[in-house]
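Reader: I am new to this structure and should like to be guided through it in questions and answers. May we begin once it is on view?

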Amino acid sequence: MDNQNWTALWSIQARAFRIPYTPFSHNFWALGAPGGVVVDQIHGLAFDPKTGTTKAIGNSSHFLRVVHDPSIVWSLQPDQPAVLCTAGSESEMRDRWQAALNSIFAINALNLRYPNLWQHLYKKNSNTIFNTLGLIIGVTKPAKLLPTLAPGIKLVVSQDIIAHYCYKPSLQKKQSSH
């Protein structure tokens with residue numbers, strides 16, 4: 001960012017939830033209002049089809065899902081690693097955010113299985129969702145943003161989904177002027 005006071009702007013932040021008793025993190029996206037207050041979140045989570053609930057870590061009996069939920073409180077830890085990725089007008093940040101929200105159905109329709117713990121280094125998991133959504137939002141190299149160990153972060157869910165839903169500033173402006 002330049003010398004602007006970004007705390008007066010809307011922002012999109014990359015954040016890392018430190019997984020207790022491990023060196024690893026669960027990375028997720030946050031939409032920030034002026035002052036940096038988190039007003040919305042998007043996560044990749046394990047979905048248990050038997051109970052209909054989501055959890056931060058799952059196994060192969062669960063599905064990998066994108067979850068849009070501004071009320072998740074467990075993910076916001078004091079002093080957690082966080083990086084401001086982009087800041088600007090409310091309309092631009094919401095347009096970027098909407099690009100990610102628009103992709104949720106397509107990603108979840110893939111019905112990806114959540115990997116077992118020992119498979120996280122080479123199979124798609126919640127950090128893969130983080131990387132994929134970051135690319136859709138228009139963040140360059142989201143896998144390298146946070147100084148954390150985040151297995152699966154170098155993978156993407158689908159290049160086709162990224163290409164289809166990726167935030168396109170000129171297209172967004174044209175659509176909003178109609």
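Author: The following exchange treats a predicted model, beginning with its core and moving outward.

Reader: Which residues have the most contacts inside the largest nonpolar core?

Author: The core draws on several elements, for β1, β2, β3, β5, α1, α2 and α3 each supply at least two of its residues. In total, the largest nonpolar core has 34 residues. Those with the most contacts inside it are Trp29 and Leu133.

Reader: Which element gives the most to this core, and with how many residues?

Author: The helix in question runs from residue 90 to residue 108. Its buried residues include Met93, Trp97, Leu101, Ile104 and Ile107. The element that gives the most to the core is α1, with eight residues.

Reader: What distance does α1 reach from its first C-alpha to its last?

Author: α1 has 19 residues. At 1.5 Å a residue, a span of 27 Å is expected. The reach in the model is close to that expectation, at 27 Å.

Reader: Is β2 largely enclosed or open, and how many of its residues are buried?

Author: On one side of β2, Ser25, Asn27, Trp29 and Leu31 are buried. On the other side, His26, Phe28, Ala30 and Gly32 are buried as well, so that both faces are covered. β2 is therefore largely enclosed by the rest of the structure, and the number of its residues that are buried is eight of eight.

Reader: How many bridges pair β1 with β2, and which residue of β2 stands opposite Phe17?

Author: β1 and β2 form a hairpin with six residues between them, and Tyr21 in the turn has a positive phi of about 65 degrees. The two strands pair in the antiparallel sense over eight bridges. Within this pairing, the residue of β2 that stands opposite Phe17 is His26.

Reader: Which residue of β3 stands opposite Trp29?

Author: β2 and β3 run antiparallel and are joined by four bridges. They form a hairpin with five residues between them, in whose turn Gly35 has a positive phi of about 95 degrees. Opposite Trp29, in β3, stands Ile42.

Reader: How many aromatic pairs are there, and which residue forms an edge-to-face pair with Phe17?

Author: The count comes to two aromatic pairs. In the edge-to-face pair, the rings are 5.0 Å apart centre to centre, with 85 degrees between the planes. Phe17 lies in strand β1 and its partner in the loop between β5 and β6, so the pair ties together parts that are 57 residues apart in sequence. The partner of Phe17 is Trp74.

Reader: Are Phe17 and Trp74 buried or exposed?

Author: Buried requires a relative accessible area under 20%. Phe17, at 11%, meets that condition and counts as buried. Trp74 has a relative accessible area of 35%, and therefore counts as partly exposed.

Reader: Which residue forms a stacked aromatic pair with Trp29?

Author: In this pair the rings are 4.4 Å apart centre to centre, with 10 degrees between the planes. Trp29 is in strand β2 and the partner is in helix α2, so parts 101 residues apart in sequence are tied together. Trp29 is buried at 0% relative accessible area, and the partner is buried at 2%. That partner is Phe130.

Reader: Which residue lies over the face of Phe63?

Author: The residue in question lies at 4.2 Å from the ring centre. It is Arg113.

Reader: Where is Asp79 found, and what is its phi?

Author: Asp79 is found in the loop between β5 and β6. It is exposed, with a relative accessible area of 73%. Although Asp79 is not a glycine, its phi is positive, at about 55 degrees.

Reader: Is Lys141 buried or exposed?

Author: Lys141 has its place in the loop between α2 and α3, and it has a positive phi of about 55 degrees although it is not a glycine. Its relative accessibility is 55%. Since exposed means over 50%, Lys141 counts as exposed.

Reader: How many disulfides are found?

Author: Cys85 is partly exposed, with a relative accessible area of 23%, and Cys166 is partly exposed, with a relative accessible area of 23%. A search of the whole structure gives the number of disulfides as zero.

Notes:
Residues are numbered from 1 along each chain as its sequence is written. This is a predicted model: local features need pLDDT of at least 70, side-chain atom pairs count only at pLDDT 80 or more; totals for chains, interfaces and linings use all residues. Side-chain values use heavy atoms; hydrogens and water are left out. A nonpolar core is a set of buried Ala, Val, Leu, Ile, Met, Phe, Trp, Tyr and Cys residues joined through side-chain atoms within 4.5 Å. Buried means under 20% relative accessible area, exposed over 50%, partly exposed in between (1.4 Å probe, protein chains only). A disulfide is a pair of cysteine sulfur atoms within 2.5 Å. The expected span of a helix is 1.5 Å times one less than its number of residues. Rings of Phe, Tyr and Trp (its six-membered ring) pair if their centres lie within 6.5 Å; planes under 30 degrees apart count as stacked, over 60 as edge-to-face and the rest as tilted. A charge sits over a ring if NZ of Lys or CZ of Arg is within 6 Å of the ring centre and within 35 degrees of the ring normal. Two strands pair if DSSP finds at least two bridges between them.
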